[in-house]
Amino acid sequence: IGVNYGTRGNNLPPPSQVVELLKNTNIGKVKLYDANPAILRAFAGTSFDITVGIPNEQIPSLVDQGTALSWMRQNVATYLPDTRIRGIAVGNEVLAGKNSNQQLAAQLVPAMNSLQSALVTLKLNDLIKITAPQSLATLSTSFPPSSGTFRPDLAQSALVPLLTFLQATNSTFMVNAYPFMAYRSNPRDVSLAYCLFLPNSGVTDPGTQFLYSNMFGAMLDAVISAMKKLRFPDVRIGVSETGWPSLGDPSEAEVSLRNAMLYNRNLVFYISSSPGTPLRPKQQIDTYIFSLYNENLKEGPASERNYGLFRPDGSTVYDVGI
């Protein structure tokens, strides 16, 4: 289990306090959204595996190999080996979703190739893996899971090059998977118990006859099915973001402290006790909860500012067994 450490708040504690807080949990991995020097220094000498993020706006410049090598020296190599940087996440939801645009999508894999060349030059390619977290909006069909298919406008032009890169570098296809969003968009047809890992009758996939007891596993298998249709049956899958907000606007009926606690607590149990999904029952799925703190500068409805496991003062919003 990992956690996303976002910093869009004006009341967050200094990185040194964050590290001390995390030492008292069983979280082993931390994903950042940039290469904040103070944060990377704070994790020096600890056992946390760190994924460094590259904001979307930096991607175009990193297509150039010289720039990519300079970035890698400045933001990764200089902190090794004291800080256990093990991953680089290039952008967030570049191919689909609210952060996407066609020009950026065309630059994503070229930038990843330049960054990979930099890792090879610095002899770090066996230590550090490059990925690019994507939204489930890359799918045109997600139900039933065996029918999972990528959008036709993205499949050949964007996803085949990305998956080719991930396969060649033995990296992981990371997706942002939010059962919360699925329930919010269709509460009439989607069961809340199914989204929260609570007891329910489940959903049988007529294509495989697998019984799905939760939305999380069904979402991942839809992506696995989509990858298989593009002839990438063996690329690992991971979850770069998942979570449930604990507080929202009055209109956000699906948002509550109870639902957030149940989702994340049951998620931790699911990941810890039953690795894999029905389509890949033996594959451990690296999963990063969103997020570490409530971030009061995030825009949008109140729920956007209330995904945190912890308040800025270090107190727990609710207990999820970490």
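## A walk through the predicted model

Phe197 is a good place to begin: with a relative accessible area of 14%, this residue counts as buried. Keep in mind as you look around that this is a predicted model. Phe197 sits in the loop that runs between α7 (192–195) and β10 (203–204). Its backbone deserves a look too, since phi is near 65°, a positive value in a residue other than glycine. Most residues other than glycine have a negative phi, and most peptide bonds are trans.

With that in mind, let's visit another residue of this kind. Arg231 has a phi near 70°, again positive in a residue that is not glycine. Is Arg231 buried or exposed? Its relative accessible area is 74%, so Arg231 is exposed, whereas Phe197 is buried. You will find Arg231 in the loop between α8 and β12, just after the end of helix α8.

That brings us to α8 itself, which covers residues 215–229. From first C-alpha to last, this 15-residue helix reaches 21 Å, close to the 21 Å expected at 1.5 Å a residue. At its N-terminal end, Asn214 acts as a cap, with a side-chain oxygen 3.3 Å from the backbone nitrogen of Phe216. How many of the 15 residues of α8 are buried? The count is 13, so the helix is mostly covered, buried being under 20% relative accessible area.

Now turn to the nonpolar interior. The largest nonpolar core has 104 residues, and those touching the most other members are Trp71, Val90, Phe150, Phe173 and Met227. The largest share of this core comes from α8, which gives ten residues.

Trp71, one of those well-connected members, belongs to helix α3 (residues 65–75). Its relative accessible area is 9%, so Trp71 is buried. Try placing Trp71 next to Ala35 on your screen: the two are 36 residues apart along the chain, and their C-alpha atoms are separated by 9.8 Å.

Burial is not reserved for nonpolar side chains, as Asn4 shows: its relative accessibility is 0%, so it counts as buried. Asn4 is part of strand β1 (residues 2–5). What does the side chain of Asn4 contact? It makes a polar contact with the side chain of Tyr33, at 3.1 Å.

Two peptide bonds are worth a stop as well. Leu80 and Pro81 are joined by a cis peptide bond, with omega about -5°, and Pro81 lies in the loop between α3 and β4. A cis bond also links Phe143 to Pro144, where omega is about -10°. Pro144 is located in the loop between β7 (139–141) and β8 (149–150).

Our last stop is an open space. Rolling a probe the size of a water molecule over the atoms shows where empty space is left. The second largest pocket holds about 390 Å³ of space. It is lined by 22 residues, and Arg86, Lys129, Thr172, Asp286 and Tyr288 are the closest to its centre. Which strands supply at least two residues each to the lining? They are β2 (29–32), β3 (49–54), β4 (85–90), β5 (129–131), β9 (172–176) and β12 (236–242). By class, the lining is made up of seven nonpolar, eight polar and seven charged residues.

Key
Residues are numbered from 1 along each chain as its sequence is written. This is a predicted model: local features need pLDDT of at least 70, side-chain atom pairs count only at pLDDT 80 or more; totals for chains, interfaces and linings use all residues. Side-chain values use heavy atoms; hydrogens and water are left out. On a 1 Å grid over the protein atoms alone, a cavity is a set of points where a 1.4 Å probe fits but cannot get out, and a pocket is an open set with protein on both sides within 12 Å along at least five of seven lines; lining residues have an atom within 4 Å of a point. Grid points are joined across faces, edges and corners, and a volume is the space filled by probe spheres set on the points. Helices (H or I, at least four residues) and strands (E, at least two) are DSSP runs, numbered from the N terminus. Ala, Val, Leu, Ile, Met, Phe, Trp, Tyr, Cys and Pro count as nonpolar, Asp, Glu, Lys and Arg as charged, and the others, Gly among them, as polar. The expected span of a helix is 1.5 Å times one less than its number of residues. Buried means under 20% relative accessible area, exposed over 50%, partly exposed in between (1.4 Å probe, protein chains only). A polar contact is a pair of N or O atoms within 3.5 Å; within protein, one must be able to donate a hydrogen and the other to accept it, and residues adjacent in sequence count only if both atoms are side-chain atoms. A nonpolar core is a set of buried Ala, Val, Leu, Ile, Met, Phe, Trp, Tyr and Cys residues joined through side-chain atoms within 4.5 Å.
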